[in-house]
Amino acid sequence: MAKPALLVTRKLPPAIEARAARDYAARLNPQDEPWATDGAEIARRAAEIGAAGVLCAAGDRMDAACIGALPASVKAIATFSVGFDHVDLAAAKARGIAVTNTPEVLTEATAQIALTLLLMACRRAGEGERLVRARQWRGWAPTQLLGLTPEGKRLGILGFGRIGRTLARMARGLGMEIHYRDLRRLPPELEQGAIWHDTDEGFLRASQFLSMHMPGGEATRKWLNAERIALLPRGAIVVNSGRGGSVDDEALIAALRSGHVFAAGLDVYDGEPRIHEGYYALENVVLLPHLGSATVETRDAMGHRALDNLDAILLRGEPPRDRVA
Ligand code: DGY
C-alpha cells in the first residue's frame, strides 16, 4: 500500500524527520524556509502532494483561511507543540480534520524555563551578564546589582496545569509559598499544599512573584493589564512562559519603568518574533526567544508524540491519544 503523504512545515530533529520519511511519503522542510507563516502556502503545498496529514508547529498560520483551503485529502493536523492557539479548531472540525497536540512531554522543560526566568529576573542575571560582556565589571561590590530573594516569598501561579504544578514543585525547593489561580480548586494530591484563590484580586494581591501559564487565544488576551498589575504588591516579579498575548505589553513596560514591577522574565511575546520595542531599552526584563521546550530530549519526545498521533489516525485508523479537535 502506498504510504500516506505528509506535509512537514518546519525543520524537525533528525530522528523525527527520519521516522516521518520512513513511514510516510513525507515532504520535509530541511532548510526551515519560513513559508509556514503563510497559510495559503501551507495549503498550496499540501495540495501539491495530496497530503493526508500536516505536521505543523507553534507559530504556523493554521487559521480558518488556511484550513479552508486544504485539499480534501487532509485528514489530520498534528502540531509539534502543546499549545494549539495557532490552529483554528472550529475550521478543522467543520472540515472533519482531526487536530492533535503534544502534551506532557514538555512539562519539565517548560517549567525549567519559567524557573530560569524567575531566578534571572529576581537576581538580575541578565544585567550582570551584560555588564561582564561589556567589559564594564570593576569587581565585587557590596551594593552592586542587588536583587530580591525568592526564599520565603509567595509565588502566584496562574494556570495550575501540569507545567504550573511542576514549577510549584521546583519553587518549593527554593522555599517559596505557592498560591494559584485556576478555574477550579484542585484535589489535595495535586495542590500539595498550594493555596487556591477564587478571585483574581485575592490572587494578585498575594503574588509577590507571578508566573503565567495561560493558553493563548481571545479569552486570555491581555489578561495582565494595567488594572491587574496594580493589584500586585509593589516590587513584584512577573514571569510569562505561556503565551505572549496574555500580557498587555504597554502596561507591563510602564510598570517595569515605574518600579511597581521590580523585574520581569519573558519567553513568549504578542506577535512573536516581533517584540514590543519598549522592552529592548529596559534593563529589568529578561528576554528569551521562546525556549520553553527547547531541549534535545524534549523536542525528540514532542516529535515522536506528534508522529504517534498521526500514525494512529493515518496508518491504523484509530483514535489518537492527544486529540484536541
Ligand atoms: C508549545 O509547545 O506550545 C510551546 O510553546 C512551543 O515550545
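User: Happy to start at the salt bridge: which residue's side chain meets that of Arg243 in a salt bridge?

Analyst: Good place to begin, keeping in mind that this is a predicted model. The contact runs from N to O at 3.0 Å, and the rule allows up to 4 Å between such atoms. The partner of Arg243 is Asp85.

User: How many salt bridges does the rule find across the interface of domain 1 and domain 2?

Analyst: The domain assignment places 5-105 + 296-315 in domain 1 and 107-287 in domain 2. Between these two domains, three residue pairs are in polar contact. By class, the side of domain 1 that touches domain 2 has three nonpolar, two polar and two charged residues. As for salt bridges across this interface, the rule finds two.

User: Which three residues supply 68% of the area that domain 1 buries against domain 2?

Analyst: Let's set the scene with the domain centres, which are 31 Å apart over C-alpha atoms. The contact draws seven residues from domain 1 and six residues from domain 2. Together the domains bury about 500 Å², with 44% of it on carbon and sulfur atoms. On the domain 1 side, the three that supply more than any other three residues are Asp85, Glu104 and Thr298.

User: Turning to the ligand, how do the residues of its shell divide into nonpolar, polar and charged?

Analyst: Let's list them: the ligand is surrounded by Ser81, Val82, Gly83, Leu106, Arg243, His290, Ser293 and Arg299. Arg243 is thus one of the residues around the ligand as well as the salt-bridge partner of Asp85. Sorted by class, the shell holds two nonpolar, four polar and two charged residues.

User: And what percentage of the ligand's accessible area does the protein cover?

Analyst: Polar contacts first: a polar side-chain atom of Ser293 sits 2.6 Å from a ligand oxygen, and an N or O atom in the side chain of His290 is 2.7 Å from an oxygen of the ligand. Gly83 contributes through its backbone, with an N or O atom 2.8 Å from a ligand oxygen. On its own the ligand has 240 Å² of accessible area, and the share covered by the protein is 91%.

Key:
Residues numbered from 1 in each chain as written. Predicted model: local features only at pLDDT ≥ 70, side-chain atom pairs only at ≥ 80, totals over all residues. Heavy atoms only, no water. Near = heavy atom within 4 Å. Polar contact = N/O pair within 3.5 Å; in protein donor to acceptor, adjacent residues only side chain to side chain. Areas by Shrake-Rupley, 256 points an atom, 1.4 Å probe, with all protein chains shown as cover. Nonpolar A, V, L, I, M, F, W, Y, C, P; charged D, E, K, R; others polar. Domains from an automatic or database assignment. Contact = heavy atoms within 4.5 Å. Buried area = accessible area lost by both parts, 1.4 Å probe.
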